[in-house]
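Hi everyone, thanks for coming. Today I'd like to walk you through a ligand site and the spaces in the protein, so let's put the model up.

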Amino acid sequence: MGSRLIGYGSYLPEKIMTNQDFEKIMDTTDEWIVQRTGMRTRHFAADNETVVDMAAVAAQRALDNAGMTIDDIDMIICATTSPELDFPSVGVQVLGRLGASRNQPAFDVRGACTGYIYAMHCARAFFTAGMHQRIMLIGAEKMTRFVDFNDRSTAVLFGDGAGALIFEHSSSGYSGIIDTVVMADGREFDMLHGTPDHKIAMNGPETYKRAVTCMPEAASYIMEHAGISADNVDWIIPHQANLRIINSGAQRLGFPLNKIIVTVDKHANTSGASGVLALSYALDNDIIKKGQLILYPAFGSGLTWGAALIRI
Ligand code: ACO
């Protein structure tokens, strides 16, 4: 039992914040940001634009892409770390926005930057159990809610946006979400976390060190589990945290850089939205083609990390 991808959509806020814009408001340079992170621009949501607003647009675009309405969807799983309301979930609010009337379930997954892999893990379990026909997976974040413009070491790293994927149950185990693995280590919570006053506390160098080992670890594990090698993988979509982390991980795994989808230069780190946005970008630009196999490693606050194997 498996699934197949039948629709996708994304939303990026209109406002683009460049490195030069940061130069005007803090002690930083385009050169430092590009050299340390590979980031050049990121999208910033408007003050009154919420995670639900962005998620609902991405969800509607995915439905349009699939030629469906919200009542064709049996469940929404939304990966988000930055909802404005503690409750209800973003997923349920998206159902409401899109006028769902079938009482279908929806919930959020809080896995920080690994959130969309955790959401894929849940979706795979439901498909494997044969419990739902069509699941919409959303990744939506307004990370700029947490950005402290007095902290140059984190302010430049994040962006906002949302993406949505629709998977349908399939009798083939070789398409859609083929395999997933998720891990967590709460003992290293201090390395990267939100503060009670909604700021980001991060030990950058330590986070970097763990990211460059955990993502390849999860990628290797899932390839071994699925019985495949790097040669069988068409594309890697790593969590878009930092170009140096992405390149170093690929190098450790022996993947050529031309197999990696990179959007961190344009979107920066959109946390739980990053992998979904990157897939939408690659499909929109005809980079990833039908039938291709994608390896999806991610790492984030928690610590959490994991990987997914997806065939388009
Ligand atoms: N502009 C200019 N200088 C800066 C900036 C900035 N925006 N930010 C920090 N600096 C300075 C520091 O103050 C420090 O100066 P000092 O030597 O005078 O004290 C110097 O640059 C070096 O600081 P480091 O933190 O050691 O820089 P590093 O090379 O580690 O790069 C970075 C920092 C980019 C944050 C890196 O550690 C990193 O990418 N870590 C991973 C963090 C991450 O990706 N987090 C996202 C969430 S988790 C995830 O998604 C994987």
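Let's begin at the ligand: 23 residues surround it, and Thr28, Arg36, His239, Asn242 and Asn269 come nearest; a residue counts here if one of its heavy atoms lies within 4 Å. Before going further, please remember that this is a predicted model, where local features need pLDDT of at least 70, side-chain atom pairs count only at pLDDT 80 or more, and totals for chains, interfaces and linings use all residues. Residues are numbered from 1 along each chain as its sequence is written, and side-chain values use heavy atoms, with hydrogens and water left out.

Now, which elements supply the shell? At least two residues each come from α2 (30–37), α6 (152–155), α7 (204–226) and α8 (243–253), and α7 gives the most, with four. Helices here are DSSP runs of H or I with at least four residues, strands are E runs with at least two, and both are numbered from the N terminus. By class, the shell has 11 nonpolar, eight polar and four charged residues. Nonpolar means Ala, Val, Leu, Ile, Met, Phe, Trp, Tyr, Cys and Pro; charged means Asp, Glu, Lys and Arg; the others, Gly among them, are polar.

On to individual atoms. A side-chain N or O atom of Asn242 is 2.5 Å from a ligand oxygen. On the backbone side, a polar atom of Arg152 sits 2.9 Å from a ligand nitrogen, and an N or O atom of Pro205 lies 3.5 Å from a ligand oxygen. Overall, the protein buries 74% of the 1000 Å² that the ligand exposes when taken alone, by the Shrake-Rupley method with a 1.4 Å probe.

And where does the ligand sit? Its space is the largest pocket, meaning that more than half of its atoms lie within 2 Å of the pocket's grid points. A pocket is an open set of points on a 1 Å grid over the protein atoms alone, with protein on both sides within 12 Å along at least five of seven lines, and lining residues have an atom within 4 Å of a point. This pocket has a volume of about 960 Å³, the space filled by probe spheres set on points joined across faces, edges and corners. It is lined by 44 residues, with Phe158, Leu192, Ile200, Met202 and Thr207 nearest its centre. Once more α7 provides the largest share, six residues. The lining divides into 20 nonpolar, 18 polar and six charged residues.

Terms used:
Polar contact = N/O pair within 3.5 Å; in protein donor to acceptor, adjacent residues only side chain to side chain. 1 Å grid on protein atoms, 1.4 Å probe; cavity = no way out; pocket = protein on both sides within 12 Å on 5 of 7 lines; lining within 4 Å.
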